[in-house]
Amino acid sequence: MTDFHRENKNRPRAISSKRPVPVFREVFQVKKQHHRDPRFDDLSGTFDEESFEEDYSFIKDIKKREKQELLKELKFVGDNFKRKEEILYLLQRMKNQEHAKKALEKRKAEENKRREDVMEAAKSGIKPYYPKKSVIKKQELIEDFKALKNSGKLEKYLEKKRKKNFAKDTKRFYN
């Protein structure tokens, strides 16, 4: 019934070497190509954000142009609701990206200022003060609240926060 022998059913079949190898059988193993992702591979070097921003600064101009084109298209879109919704979504996304970029730049500037203060103190012979992360977070929160108060959006923000916390509490109590 079986034309091969093996000591154990889990072992591979022992095929006779006297028969010719089938056409579609892999005779030798081809080395598998491993694709590497340059973002996570050390061979590609380290990421320098400043040089990246400098090298790809032309993208800002492209994004600006795209935003203007979308605004023009929005004026002439007419009754096409789906396209209008798509354009509004893209514009909102661009706006959010710009906002996040500004916030990141502001945070970096503050970090650089803190670093310069430490260096100044070290140069003048005073023991430098390294603020804790919690202190930095408190300062950022205070600045955010001041900005909200100046723009008149503090009440709206606090109301949203209250609703969010209330929803969280109700989930905790009733689940």
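**Core, pockets and aromatic rings**

Leaving aside residues up to four places away in sequence, valine 77 touches Arg83, Lys84 and Ile87. The model in which these contacts are found is a predicted one, and the account that follows moves from this residue to the core, then to the pockets, and finally to the aromatic rings.

Val77 and Ile87 appear again together with Leu70, Leu91 and Met94, since these five residues make up the largest nonpolar core. Helix α3, which covers residues 81-124, provides the largest share of this core, namely three residues. In soluble globular proteins, nonpolar side chains tend to be buried together.

Where is open space found around the chain? Rolling a probe the size of a water molecule over the atoms shows where empty space is left. The largest pocket holds about 610 Å³ of space, and of the 19 residues that line this pocket, Glu53, Ile59, Lys60, Lys63 and Lys101 are the closest to its centre. Three helices, α1 (49-55), α2 (58-75) and α3, each supply at least two residues of this lining, with α3 giving the most, seven residues. By class, the lining of the largest pocket is made of 11 charged, six nonpolar and two polar residues.

The second largest pocket has a volume of about 460 Å³, and it is lined by 15 residues, of which His99, Lys102, Ala103, Lys106 and Asp144 are the closest to its centre. Here α3 and α4 (133-151) each supply at least two residues of the lining, and α3 again gives the most, with 10 residues. The lining of the second largest pocket divides into 10 charged, three polar and two nonpolar residues.

The aromatic rings form the last part of the picture, with a count of four aromatic pairs. In one of them, the rings of phenylalanine 145 and tyrosine 157 have centres 5.7 Å apart and planes at 85 degrees, and because an angle over 60 degrees counts as edge-to-face, the pair is described in that way. Phenylalanine 145 lies in helix α4 and tyrosine 157 in helix α5 (residues 154-174), so this pair ties together parts that are 12 residues apart in sequence. Phenylalanine 145 has 30% relative accessibility and therefore counts as partly exposed, and tyrosine 157, at 30% relative accessibility, also counts as partly exposed. Elsewhere in the sequence, Phe47, Phe52, Tyr56 and Phe58 form one aromatic cluster.

Conventions: Residues numbered from 1 in each chain as written. Predicted model: local features only at pLDDT ≥ 70, side-chain atom pairs only at ≥ 80, totals over all residues. Heavy atoms only, no water. Core = buried A, V, L, I, M, F, W, Y, C linked by side-chain atoms within 4.5 Å. Buried < 20%, exposed > 50% of the residue type's maximum accessible area, 1.4 Å probe, protein only. Helix = DSSP H or I, 4+ residues; strand = E, 2+ residues; numbered from the N terminus. Contact = heavy atoms within 4.5 Å. 1 Å grid on protein atoms, 1.4 Å probe; cavity = no way out; pocket = protein on both sides within 12 Å on 5 of 7 lines; lining within 4 Å. Points joined across faces, edges and corners; volume = space filled by probe spheres on them. Nonpolar A, V, L, I, M, F, W, Y, C, P; charged D, E, K, R; others polar. Phe/Tyr/Trp six-rings, centres within 6.5 Å; stacked < 30°, edge-to-face > 60°.
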